[in-house]
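User: Hi, I have a structure open and I'm not sure where to begin. Can you walk me through it?

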Amino acid sequence: MIKISSLPLSKLDTIKPLWQALNNVHLSNSTLWKDHFSNQTFEQRFEKLVKHKHLLIRAGSIDNTTCAYSVASIKDGIGEIDSIFVDEEYRNTGIGLELLEQSIQ
């Protein structure tokens, strides 16, 4: 069963392993941004986001396993999906689409 929940900043570490997995995907696939992805930490990334934008962080779980997340932001009335990731094992379950739809709303 898919469950999507809002994640307060105090629970941000819940999605850290997923963010690191996404960063590793970017690192292995990027030719121009390797230095950026290899030097950026989870803490640095979210410190920048929190400082400049209003964030909506959602965690997605299936059978009590957190397997996906999305981070959406609003700044000056403009919304953006800053990051979204679904663990490879849980892709094609609909959890990514649910996160995307809730982020857009």
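Analyst: Let's go through the sheet, then the helices, then a few single residues. Keep in mind that this is a predicted model.

User: OK, the sheet. What is the order of the strands?

Analyst: The order is β1-β2-β3-β4. These four strands make an open sheet, and they pair in the antiparallel sense.

User: Which strands stand at the edges?

Analyst: β1, residues 2-6, and β4, residues 78-86. Each has a single partner strand, so one side of each has no neighbour in the sheet.

User: How much are neighbouring strands turned against each other?

Analyst: By 20° on average, if you ignore direction.

User: Let's go pair by pair. How many bridges are there between β1 and β2?

Analyst: Five, in an antiparallel pairing. β2 covers residues 54-62. To find the spot, look for K3, which is opposite S61 in β2.

User: And how many bridges join β2 to β3?

Analyst: Nine, and these two strands are antiparallel. Here L56 sits opposite A72 in β3.

User: Last pair. How many bridges join β3 to β4?

Analyst: Eight, again with the strands running antiparallel. I74 faces G79 of β4 across this pairing.

User: Where do side chains go in a strand like that?

Analyst: As a rule, side chains in a regular strand alternate between the two faces of the sheet.

User: Now the turns. What sits between β2 and β3?

Analyst: Those strands form a hairpin with two residues between them. D63 is found in that loop. Its phi is near 50°, which is positive, and D63 is not a glycine.

User: Is D63 buried or exposed?

Analyst: D63 is exposed, because its relative accessibility is 58% and the cut-off for exposed is over 50%.

User: And which residue has a positive phi in the turn between β3 and β4?

Analyst: D76, with a phi of about 55°. This hairpin also has two residues between its strands. D76 is another residue other than glycine with a positive phi. D76 is exposed, at 72% relative accessible area.

User: Switching to helices. How long is α1?

Analyst: α1 has 14 residues, from 16 to 29. From first C-alpha to last it reaches 20 Å, close to the 20 Å expected at 1.5 Å a residue.

User: Which residues of α1 are buried?

Analyst: L18, W19, L22 and N23. They cover an arc of only 140° around the axis, so they are on the same side of α1.

User: Why can residues a few places apart end up pointing the same way?

Analyst: An α-helix has 3.6 residues a turn, so residues three or four places apart point the same way.

User: What about the face of α1 turned away from the buried side?

Analyst: That face carries P17 and S28, which are exposed.

User: Then there's α4. Where does it lie?

Analyst: α4, residues 95-104, lies across β1, β2, β3 and β4. It runs at about 165° to β4.

User: Which of its residues are buried?

Analyst: I95, L99, Q102 and S103. Seen down the axis of α4, they fall within an arc of 100°, so they line one face of the helix.

User: What do they pack against?

Analyst: Against β1, β2, β3 and β4. On the other side of α4, L97 and I104 are exposed.

User: Back to β4 for a moment. Is D82 buried or exposed?

Analyst: D82 lies in β4. It is buried, because its relative accessible area is 15% and buried means under 20%.

User: What does the D82 side chain touch?

Analyst: One polar contact joins it to the side chain of S73, at 2.5 Å.

User: You mentioned G79 earlier. Is it buried or exposed?

Analyst: G79 counts as exposed, at 55% relative accessibility. Like D82, it is part of β4.

User: What is G79 in contact with, leaving aside its neighbours within four places in sequence?

Analyst: S73 and I74. I74 is also the residue that stands opposite G79 in the strand pairing.

User: And how far is G79 from K16?

Analyst: Their C-alpha atoms are separated by 23 Å. Along the chain, the two are 63 residues apart.

Key. Residues are numbered from 1 along each chain as its sequence is written. This is a predicted model: local features need pLDDT of at least 70, side-chain atom pairs count only at pLDDT 80 or more; totals for chains, interfaces and linings use all residues. Side-chain values use heavy atoms; hydrogens and water are left out. Two strands pair if DSSP finds at least two bridges between them. Axes are lines fitted to C-alpha atoms, for helices over the stretch in contact, and angles run from 0 to 180 degrees between N-to-C directions. Contact means heavy atoms within 4.5 Å. The expected span of a helix is 1.5 Å times one less than its number of residues. Buried means under 20% relative accessible area, exposed over 50%, partly exposed in between (1.4 Å probe, protein chains only). The arc is that of the directions from the helix axis to the C-beta atoms. A polar contact is a pair of N or O atoms within 3.5 Å; within protein, one must be able to donate a hydrogen and the other to accept it, and residues adjacent in sequence count only if both atoms are side-chain atoms.
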